[in-house]
Amino acid sequence: MSRAYTPARIMSGTFGYAWLDGTPLPQITKGEAKVSLDKEEVKQTGKREKGYKIVGTDGKGSITLNKIDSTMIELLSDDMKAGRTTEHILILALDDPDAFGCERIQLNGVVFDELPLADWEAGKLGEESIAFTFSSWEILEDVKPE
C-alpha cells in the first residue's frame with residue numbers, strides 16, 4: 001500500500017502553472033478544464049431503466065489572470081476582428097512540493113470564447129477571466145502515490 005494520506009499531501013492551487021502556445025503565463029490565478037459526455041437516450045423494451053449511448057465529448061474550461069498587460073488582447077484581437085478561428089495549445093500544471101508529484105494536462109485545439117477588452121473597478125485589483133473550448137487533451141504527467 002502507498003504512503004498514508006496526510007493533509008500535507010493535498011495539492012494546493014498556489015502551485016498552479018500555465019503555458020499558452022509554449023509561453024509561460026505567470027499571471028494565472030486559476031485554471032479549469034473539464035470534459036462532459038454527450039449522451040443520447042436509448043429506448044429499450046422490457047426495461048424500466050433508461051439506457052444511454054455516449055455520442056461525443058465536450059471540452060470546456062476557463063483561465064483567470066491577474067491583469068498586468070495586454071497579452072490576451074494582442075494574442076486574440078486581430079483574428080477575432082477578422083472572423084478567423086485560432087486554435088491554441090494550453091498546458092495546465094499543478095506542482096505542489098508536498099504532493100506525490102506534478103500533474104500536467106495539455107489541452108489541444110483551444111479556442112477562446114470571448115476577449116475581455118475592459119473590466120476594471122476603482123479600488124479592486126484587475127483580473128480577467130476567459131472561457132474556452134478544447135477538442136482533445138493529453139496527460140503529460142499524472143500523480144501517483146509512491
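Which residue in E4 is the bridge partner of Leu-37? Select Leu-37 and look across to E4: the partner is Thr-57. Keep in mind throughout that this is a predicted model.

**Stop 1: E3 and E4**

Now widen the selection to both strands. E3 and E4 run antiparallel and are joined by 14 bridges. E3 covers residues 28–42, and Val-35 lies in it. Pick Val-35 next. With a relative accessible area of 34%, Val-35 counts as partly exposed. Add Trp-137 and Ile-139 to the selection. Together with Val-35 they make a nonpolar surface patch of about 290 Å².

**Stop 2: across to E7**

Stay on E4 and bring in E7. These two strands also pair in the antiparallel sense, over eight bridges. Two pairs are worth labelling. Thr-64 stands opposite Ser-129 in E7. Ser-62 has Ala-131 as its bridge partner in E7.

Next, colour E7 by side-chain direction. In a regular strand the side chains alternate between the two faces of the sheet. E7 shows such an alternation: Glu-128, Ile-130, Phe-132 and Phe-134 point to one face and are buried. Glu-127, Ser-129, Ala-131 and Thr-133 point to the other face and are not buried.

Then show E6. E6 and E7 run antiparallel, with two bridges joining them. Select Phe-112 and you will find Phe-132 of E7 opposite.

**Stop 3: the nonpolar core**

Which residues have the most contacts inside the largest nonpolar core? Select Ile-63, Met-72, Leu-90, Phe-112 and Phe-132. The core as a whole has 17 residues. Strands E1 (16–20), E4 (51–66), E5 (88–94), E6 (103–112) and E7 (127–134) each give two or more residues to this core, as does helix H1 (71–82). In soluble globular proteins, nonpolar side chains tend to be buried together.

Centre on Leu-90. Leave aside its neighbours within four places in sequence. Among the remaining contacts of Leu-90 are Ala-18, Trp-19, Leu-20 and Leu-25. Ile-63, Ile-105, Leu-107, Val-110 and Phe-132 are also in contact with Leu-90. So is Gln-106.

**Stop 4: helix H1**

Show H1 with side chains on. Which of its residues are buried? Met-72, Leu-76, Ser-77 and Asp-79 are. Turn on the surrounding strands. The buried residues of H1 pack against E1, E4, E5, E6 and E7. Then step off the end of the helix to Gly-83, which follows H1 and has a positive phi, near 75°.

**Stop 5: Asp-21**

Go to the loop between E1 and strand E2 (23–24), where Asp-21 is found. Check the backbone. Phi of Asp-21 is positive, near 55°, although the residue is not a glycine. Most residues other than glycine have a negative phi. Is Asp-21 buried or exposed? Asp-21 is partly exposed, because its relative accessible area is 42%.

**Stop 6: Asp-142**

Finish at the segment after strand E8 (136–141), and select Asp-142. Asp-142 is partly exposed, with a relative accessible area of 42%. Draw a C-alpha to C-alpha distance to Phe-100. The two residues are 9.5 Å apart in space and 42 residues apart in sequence.

Conventions: Residues numbered from 1 in each chain as written. Predicted model: local features only at pLDDT ≥ 70, side-chain atom pairs only at ≥ 80, totals over all residues. Heavy atoms only, no water. Patch = residues over 30% accessible without salt bridge, like charges linked within 9 Å, V, L, I, M, F, W, Y side chains within 5 Å. Areas by Shrake-Rupley, 256 points an atom, 1.4 Å probe, with all protein chains shown as cover. Salt bridge = Lys/Arg side-chain N within 4 Å of Asp/Glu carboxyl O. Helix = DSSP H or I, 4+ residues; strand = E, 2+ residues; numbered from the N terminus. Buried < 20%, exposed > 50% of the residue type's maximum accessible area, 1.4 Å probe, protein only. Core = buried A, V, L, I, M, F, W, Y, C linked by side-chain atoms within 4.5 Å. Contact = heavy atoms within 4.5 Å. Pairing = 2+ DSSP bridges.
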